[in-house]
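This briefing introduces a protein model to a reader who has not met it before. Please keep the sequence and the structure in view while reading.

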Amino acid sequence: MTALRIVLQVLLVATSLLLVLFVLLHKGKGGGLSDMFGGGISSSAGSSGVAERNLNRITVGVSLLWALTVVLLGLIARVS
């Protein structure tokens, strides 16, 4: 059980960092953190519609993996 717990904890840290990165990569709607990282410079410099859609899909997939990892860690903690 401890090896599985360690693997899940590493996966939780990795998916958490990826989620933060992917959320910050999304195109901003004006104001906020996206402007701080250069998102408000010009609208033509933003990502295309296909890239934005792919980023949305990746973000949703990583968030589902993150949620599954949290649930599994909770179940393991409850059983132990």
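In which helix does Ser16 lie? Ser16 lies in helix α1, and the points below set that helix in the context of the whole chain. The model is a predicted one.

**Overall architecture**

- The secondary structure of the protein consists of three helices and zero strands.
- Read from the N terminus, the order of the elements is α-α-α.
- Of the 80 residues in the protein, 16% are buried.
- The protein has an accessible surface of about 5,800 Å², and carbon and sulfur atoms account for 72% of that surface.
- When contacts between residues at least 6 apart in sequence are considered, 88% of them join residues at least 24 apart.

**Helix α1**

- Helix α1 covers residues 2-25 and has 24 residues.
- At 1.5 Å a residue, helix α1 should span 34 Å, and its end C-alpha atoms are 35 Å apart, so the expected and modelled values agree.
- Leu8, Thr15, Leu19 and Phe22 are the buried residues of α1.
- The cover over these buried residues includes α3, which runs over residues 49-79.

**Helix α3**

- Helix α3 has 31 residues, and at 1.5 Å a residue it should span 45 Å.
- The end C-alpha atoms of α3 are 45 Å apart, which agrees with that expectation.
- The buried residues of α3 are Glu52, Leu55, Thr59, Val62, Thr69, Leu73 and Ile76.
- These buried residues of α3 pack against α1.
- An α-helix has 3.6 residues a turn, so residues three or four places apart point the same way.

**Contacts of Leu8 and Thr69**

- Leu8 is found in helix α1, and it counts as buried because its relative accessibility is 7%, under the 20% limit.
- Beyond residues up to four places away in sequence, Leu8 touches Thr69, Leu72, Leu73 and Ile76.
- Leu8 and Leu73 are 65 residues apart along the chain, yet their C-alpha atoms are separated by 6.8 Å.
- Thr69 has its place in helix α3, and it is buried, with a relative accessible area of 2%.
- Apart from its neighbours within four places in sequence, Thr69 is in contact with Leu8, Leu11 and Leu12.

**Ser16, Val13 and their partners**

- Ser16 is partly exposed because its relative accessible area of 26% falls between the limits of 20% and 50%.
- The side chain of Ser16 makes a polar contact with the side chain of Trp66, at 3.0 Å.
- Ser16 and Leu65 are 49 residues apart in sequence, and the distance between their C-alpha atoms is 9.9 Å.
- Val13 is also found in helix α1, where it counts as exposed, with 51% relative accessibility.
- From Val13 to Trp66 the separation is 53 residues in sequence and 8.9 Å in space, C-alpha to C-alpha.

**The loop residue His26**

- His26 lies in the loop between α1 and α2, the latter formed by residues 33-36.
- The side chain of His26 reaches the backbone oxygen of Phe22 at 2.8 Å, and Phe22 is one of the buried residues of α1.
- Leaving aside its neighbours within four places in sequence, His26 is in contact with Glu52, Leu55, Asn56 and Thr59.
- Among these partners, Glu52, Leu55 and Thr59 belong to the buried residues of α3.

**Nonpolar surface patch**

- Leu65, Leu68, Val71, Leu72 and Leu75 form a nonpolar patch on the surface.
- Together, the residues of this patch have about 420 Å² of accessible area.
- Leu72, one member of the patch, has its place in helix α3.
- Leu72 is partly exposed, with a relative accessible area of 34%.
- Leu72 is also among the residues that Leu8 touches.
- Although Leu72 and Leu4 are 68 residues apart along the chain, their C-alpha atoms are separated by 9.8 Å.

Key. Residues are numbered from 1 along each chain as its sequence is written. This is a predicted model: local features need pLDDT of at least 70, side-chain atom pairs count only at pLDDT 80 or more; totals for chains, interfaces and linings use all residues. Side-chain values use heavy atoms; hydrogens and water are left out. Helices (H or I, at least four residues) and strands (E, at least two) are DSSP runs, numbered from the N terminus. The expected span of a helix is 1.5 Å times one less than its number of residues. Buried means under 20% relative accessible area, exposed over 50%, partly exposed in between (1.4 Å probe, protein chains only). Contact means heavy atoms within 4.5 Å. Accessible areas come from the Shrake-Rupley method with a 1.4 Å probe; for residues, only the protein chains shown count as cover. A polar contact is a pair of N or O atoms within 3.5 Å; within protein, one must be able to donate a hydrogen and the other to accept it, and residues adjacent in sequence count only if both atoms are side-chain atoms. Patches are made of residues with over 30% relative accessible area and no salt bridge: like charges are joined within 9 Å, nonpolar side chains (Val, Leu, Ile, Met, Phe, Trp, Tyr) within 5 Å. A salt bridge is a side-chain nitrogen of Lys or Arg within 4 Å of a carboxyl oxygen of Asp or Glu.
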